[in-house]
2 protein chains.
Amino acid sequence: MPRRIKSKHQLVATLDAELLRRVRAHGGLSRMQLARELKLAPSTAGIYVDRLVREGFLLETETTGRATAGRPATSLVPNPDGGRFIGVDFGVPNLMATVVDFSQRPLRQSHTTLRPADSAARILAKIELAIEEMTARDPRPVLGIGVGVPGTIDPVTNVAVHYEFTRGWNNVPLGARLTERFGVPVFLENNIRSMALAELWFGAGRGLRNFVCIGIRSGIAAGVVVNGQLLHGAQHRAGEIGHWVCPVPEELAAHPPARRQRGWRWQTAAKLEQVASLSAIVATAQRGLKRNPKTSLAGVKGPLAIDDVLAAARDGDAFAASLVRAAGRAHGWVAHQINELFNPEKIIFAGPLADFGDLFITTVRETARELGGAGCDAVIVNSILGQYNGAVGAAALALHQWKPRR
Amino acid sequence: MPRRIKSKHQLVATLDAELLRRVRAHGGLSRMQLARELKLAPSTAGIYVDRLVREGFLLETETTGRATAGRPATSLVPNPDGGRFIGVDFGVPNLMATVVDFSQRPLRQSHTTLRPADSAARILAKIELAIEEMTARDPRPVLGIGVGVPGTIDPVTNVAVHYEFTRGWNNVPLGARLTERFGVPVFLENNIRSMALAELWFGAGRGLRNFVCIGIRSGIAAGVVVNGQLLHGAQHRAGEIGHWVCPVPEELAAHPPARRQRGWRWQTAAKLEQVASLSAIVATAQRGLKRNPKTSLAGVKGPLAIDDVLAAARDGDAFAASLVRAAGRAHGWVAHQINELFNPEKIIFAGPLADFGDLFITTVRETARELGGAGCDAVIVNSILGQYNGAVGAAALALHQWKPRR
DNA sequence: TGACAGTAATTTCGATTTCGAAATAATACC
DNA sequence: GGTATTATTTCGAAATCGAAATTACTGTCA
């Protein structure tokens with residue numbers, strides 16, 4: 001007789017949640033399929049499902065056309081009215097929020113900006129405002145809140161431990177604060193990791209057990225999924241590839257090189273973030289304006305923004321395009337390193353460069369293939385989830401942890 | 001992040017096996033401690049322990065001096081006579097074998113060499129011979145065999161899939177072959193990963209949940225432990241950092257550089273393995289003999305071996321020492337990258353360079369600290385397990401999977 | 001068209017496992 | 001000797017299993 005390690009308590013505690021997760025992931029499963037997936041006796045699966053149906057969290061749906069013999073399965077889907085979850089994701093310039101229903105469909109979204117000068121208190125206030133906005137004029141209960149936070153967090157105490165680019169952002173008791181304010185469970189996660197969760201549950205990572213999501217915004221970080229689970233590291237600081245010391249594509253080097261080495265340059269001090277993040281690209285563009293008088297970027301009023309560079313590249317501006325391509329080379333190197341180390345099924349790029357289109361990702365692929373010799377096993381793709389990516393992942397974080405109280 | 005149900009077949013196969021693992025790890029646990037660790041009711045823990053004692057796999061030991069009030073706990077330890085396990089680890093030049101008893105104490109070890117020209121069949125024969133030698137003149141039953149194999153393996157089918165440096169080493173049904181021959185369960189693992197297992201269970205990784213073990217032999221690879229489990233990757237090919245494209249320390253560059261860049265050099269094509277593996281170091285030493293007439297290495301007869309270089313470095317030869325230091329720099333860069341990506345508790349170096357002493361590891365630490373700016377969170381250490389490292393890990397692999405049949 | 005075989009999902013219903021709380025055991029400290 | 005404290009065992013209750021019904025279909029053949 002096979003013995004289970006999970007005690008009754010632990011099993012009961014998580015079985016409801018796990019069952020709901022599977023149903024959400026597949027969008028409709030029968031009792032038998034659930035029993036097989038969770039390795040439960042059919043009778044046990046039945047007991048749980050029946051209870052969740054009775055409580056209004058699952059709906060039994062009519063079986064759609066089958067052609068197989070045998071009693072048709074009754075499909076179970078999450079009841080959209082089971083409750084709502086809120087997700088917030090913020091980074092240096094943007095704060096995104098979303099509400100999703102119980103079947104994880106987004107109901108509403110909002111977007112505000114944060115200023116680099118904003119204090120921790122100000123950011124907290126803006127988060128609370130965004131959450132209120134999401135719950136306004138909708139009587140259905142909110143069951144949980146997820147927040148994607150830049151920097152390191154402690155998912156046990158729900159404290160935002162540190163973020164290097166916001167003053168005073170140290171040991172902010174974000175979880176406690178929001179729980180107190182809204183009276184529902186709050187879950188924190190690092191924001192690149194919540195992007196990875198979004199990929200895992202809705203995006204290019206659906207159904208995969210091993211993939212890496214690389215988020216390129218003002219910083220660069222990786223969310224790593226191993227065996228279907230997020231990698232956190234000893235101090236929840238895993239994925240900081242922005243600090244990787246990397247080769248520098250010619251075009252992105254701070255000073256023109258003395259001598260070309262097949263288009264790359266090595267500097268001891270070059271961190272990936274200072275080379276191929278959005279802010280680094282903008283800075284390089286700014287520096288290069290004089291040397292590239294023909295570029296359409298010269299006509300931009302005020303300080304350059306990444307959107308200017310991307311728009312110019314899209315319109316065929318050679319200088320802007322060369323910068324995008326150079327960033328693609330740097331990230332191709334990253335993809336190669338990650339592929340060799342993790343051997344993931346996919347490497348997913350997220351952020352404005354990914355939303356931008358083919359020029360970037362094609363260069364990434366080419367570079368990774370070149371460096372890999374035999375080729376790169378991992379499929380390299382752009383995220384297709386768009387900019388609410390992190391917020392949706394954060395909402396799903398709360399949604400996926402939630403379980404009915406027994 | 002999904003808290004996954006450890007259902008019966010998933011993470012922890014059976015309570016019996018898990019219980020034995022815990023007892024081995026702690027070297028003596030009471031029923032209560034086991035119940036707490038495994039989150040079982042005390043009564044349940046009691047049932048399992050009693051049965052294992054009855055069957056002769058656990059021994060109840062006298063309680064050693066305590067000072068606490070309350071009924072003293074009866075400590076449980078594995079019965080050394082519960083059975084023996086054999087571990088084999090082979091790489092390009094060496095084949096190591098060991099037998100351990102049921103309490104994972106090594107009983108005997110052996111060492112043979114393989115020649116690069118050896119065919120797959122010849123290697124298989126040598127493995128079988130080594131195993132026989134281990135079981136000879138000892139009537140106690142062998143319960144399992146673990147093998148650390150270079151290259152990729154499939155732990156499900158127990159096939160050695162591929163190894164680039166051995167001719168004909170493709171889809172070798174090593175597991176089936178040995179099971180048939182010896183009639184016991186056989187487990188395969190990649191050999192760097194079995195080194196990591198040895199560290200996890202006996203070495204510098206004891207008690208840690210997140211660490212990385214870097215093995216430097218004729219190739220370079222990493223065994224990664226995340227949440228107490230080995231990382232395998234989608235095709236069981238994770239950890240191939242030997243293929244990483246890396247900066248090249250001056251001293252190890254194939255051609256003297258045109259211009260120094262703070263002691264490093266970047267080449268698009270430089271793979272870590274071609275720069276800082278044992279064979280690369282030997283090759284560089286050989287190449288550098290002419291330019292360094294004063295080195296004691298010039299006096300070595302025949303082709304250089306890595307031991308010559310290490311011995312010379314230990315004796316104060318400046319050229320040899322500079323090569324060791326340069327390898328340390330390269331691996332310091334590796335440690336930095338790994339630290340940022342995984343945020344492990346430790347980074348453990350294994351192989352002759354680690355056995356060699358401080359010169360190497362100190363340079364690694366310094367370089368990692370420099371590159372990390374704020375410093376490197378992970379503790380960087382040498383393995384202290386010596387060269388039977390992988391064999392012991394392989395034996396433990398079998399030992400830890402084993403469970404009494406019910 | 002309607003019995004009937006075939007098939008697969010679900011339920012039913014004891015059997016088994018595991019739990020949880022209370023009882024018991026074995027010590028230290030007073 | 002009594003009390004406090006912790007480990008282990010006891011024992012009824014709850015969870016889960018597994019195999020055997022039962023149900024609800026499809027397809028086939030008279």
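A:Asp358 lies in helix α12 of chain A, which spans residues 358-372. With a relative accessibility of 57%, A:Asp358 is exposed. Its C-alpha atom is 21 Å from that of A:Thr284, and the two residues are 74 positions apart along the chain. The model is predicted. The points below cover the domains of chain A, a sheet of chain B with its helices, one buried asparagine, and two residues with positive phi.

**Domains of chain A**

- Chain A is split into domain 1 (8-61 + 73-78), domain 2 (82-203 + 389-401) and domain 3 (211-384).
- Between domain 2 of chain A and domain 3 of chain A, the distance from one C-alpha centre to the other is 27 Å.
- Domain 2 of chain A puts 17 residues into this contact, and domain 3 of chain A puts in 22 residues.
- Interface size is often expressed as the accessible area lost when the parts come together.
- For domain 2 of chain A and domain 3 of chain A, the buried area is about 1,600 Å², with 62% coming from carbon and sulfur atoms.
- On the side of domain 2 of chain A, the residues that lose the most area to domain 3 of chain A are A:Ile192, A:Arg193 and A:Glu199; together they give 36% of what that side buries.

**Sheet of chain B**

- Chain B has an open sheet of five strands in the order β5-β4-β3-β6-β10, with mixed pairing.
- Strands β5 (106-113) and β10 (186-190) of chain B are at the edges; each has a single partner strand, so one side of each has no neighbour in the sheet.
- On average, neighbouring strands of this sheet are turned by 15° against each other, direction ignored.
- In general, strands of a sheet pair through backbone hydrogen bonds, in either a parallel or an antiparallel arrangement.
- Strand β4 (residues 94-100) of chain B runs antiparallel to β5(B), and seven bridges join the two.
- B:Leu95 has B:Thr112, in β5(B), as its bridge partner.

**Helices on the sheet**

- Helix α4 of chain B (residues 120-135) lies across β3 (84-90), β4, β5 and β6 (142-149) of chain B.
- The direction of helix α4 of chain B is at about 145° to that of β3(B).
- Helix α6 of chain B (residues 191-201) also packs on the sheet, where it touches β3, β6 and β10 of chain B.
- The angle between the directions of helix α6 of chain B and β10(B) is about 100°.

**B:Asn190**

- B:Asn190 belongs to strand β10 of chain B.
- The relative accessible area of B:Asn190 is 6%, so the residue counts as buried.
- A polar contact links the side chain of B:Asn190 to the backbone nitrogen of B:Ile192 at 2.9 Å.
- Leaving aside residues up to four places away in sequence, B:Asn190 touches B:Val149, B:Gly151 and B:Ile153.

**Positive phi outside glycine**

- Most residues other than glycine have a negative phi.
- A:Arg137, which is not a glycine, has a positive phi of about 50°.
- A:Arg137 sits in the loop between α4 (120-135) and β6 (142-149) of chain A.
- A:Arg137 has a relative accessible area of 75%, which makes this residue exposed.
- B:Lys39, also not a glycine, has a positive phi near 55°.
- The loop that holds B:Lys39 runs between α2 (31-38) and α3 (42-54) of chain B.
- B:Lys39 is exposed, at 52% relative accessibility.

How values were computed
Residues numbered from 1 in each chain as written. Chains lettered and ligands numbered in written order. Predicted model: local features only at pLDDT ≥ 70, side-chain atom pairs only at ≥ 80, totals over all residues. Heavy atoms only, no water. Pairing = 2+ DSSP bridges. Helix = DSSP H or I, 4+ residues; strand = E, 2+ residues; numbered from the N terminus. Axes fitted to C-alpha atoms, helices over the stretch in contact; angles between N-to-C directions. Contact = heavy atoms within 4.5 Å. Buried < 20%, exposed > 50% of the residue type's maximum accessible area, 1.4 Å probe, protein only. Polar contact = N/O pair within 3.5 Å; in protein donor to acceptor, adjacent residues only side chain to side chain. Domains from an automatic or database assignment. Buried area = accessible area lost by both parts, 1.4 Å probe.
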